[in-house]
Every structure is written in C-alpha cells, then in structure tokens.
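Student: Could you pick one spot in this protein and take me through it slowly? I get lost when I try to look at everything at once.

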Amino acid sequence: MELFTVHASKDGEWVETQNTSPTLTVAKANSLHKTGWGVHITDADGRRYGPARFNEILSFDRKSPIKF
C-alpha cells in the first residue's frame, strides 16, 4: 500500500496530511493549490511531485476504471 504526504504552506503556516488513496491525495493537493497554498506531494520513496506533476500520482491507483 502506497503512502502519500501532501505538504502545504501559506503565510508561515505548514500543513501535512497523509493518505493511501492517490485520487484523494491529488484532490486534496489541488484544492490547497487552487486556494493559494504552496503544495507538493511526496510518495513513500521520497519522490517529490509539484503541481505540474500531480496527475502522475493517479497512475498509482490500481483500481480498474468503472465501466458502465
């Protein structure tokens, strides 16, 4: 199970949240980024992903897409 950490800072405040879901991790990071926070995500191996690379994290989601 992959672990992701969202690191965010704004106006001297720092926030870190951890999640195992790539989709929820990217959603959280995007919402913080859109509201003016400086954000990056790290994975369990220490790789760092800035906002331009958030979508790469979605490739970690091993669930099959839902077909209708």
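**A close look at Arg47**

Tutor: Let's start at Arg47, which has a relative accessible area of 40% and is partly exposed. Keep in mind as you look that this is a predicted model.

So what does the side chain of Arg47 meet in a salt bridge? One partner is Asp43, with N and O 2.6 Å apart. Asp45 also forms a salt bridge with Arg47, and there the closest N and O atoms are 3.1 Å apart. Why might side chains pair up like this? Well, opposite charges can pair when the charged atoms come close. For a salt bridge to be counted here, a side-chain nitrogen of Lys or Arg has to be within 4 Å of a carboxyl oxygen of Asp or Glu. The 2.6 Å of Arg47 and Asp43 therefore passes that cut-off, and so does the 3.1 Å of Asp45 and Arg47.

Now check how open each partner is: is Asp43 buried or exposed? Asp43 has just 5% relative accessibility, so Asp43 counts as buried, the limit being under 20%. Asp45 has a relative accessible area of 59%, so Asp45 is exposed, the limit there being over 50%. Arg47, at 40%, falls in between, which is why we call Arg47 partly exposed. So Arg47 has a buried partner in Asp43 and an exposed one in Asp45.

How many salt bridges are there in the whole count? There are three. Besides the two at Arg47, you'll find one between Arg53 and Glu56, with the closest N and O atoms 3.0 Å apart. Arg53 is partly exposed at 35% relative accessible area, and Glu56 is partly exposed too, at 39% relative accessibility. Back at our spot, Asp43, Asp45 and Arg47 are joined into one network by salt bridges that share partners.

Finally, zoom out to see what surrounds all this. The protein has two helices and four strands, and along the sequence they run β-β-α-β-β-α. Of its 68 residues, 29% count as buried, and Asp43 is buried as well. The accessible surface of the protein is about 4900 Å², with 53% of that belonging to carbon and sulfur atoms.

Notes:
Residues are numbered from 1 along each chain as its sequence is written. This is a predicted model: local features need pLDDT of at least 70, side-chain atom pairs count only at pLDDT 80 or more; totals for chains, interfaces and linings use all residues. Side-chain values use heavy atoms; hydrogens and water are left out. Buried means under 20% relative accessible area, exposed over 50%, partly exposed in between (1.4 Å probe, protein chains only). Accessible areas come from the Shrake-Rupley method with a 1.4 Å probe; for residues, only the protein chains shown count as cover.
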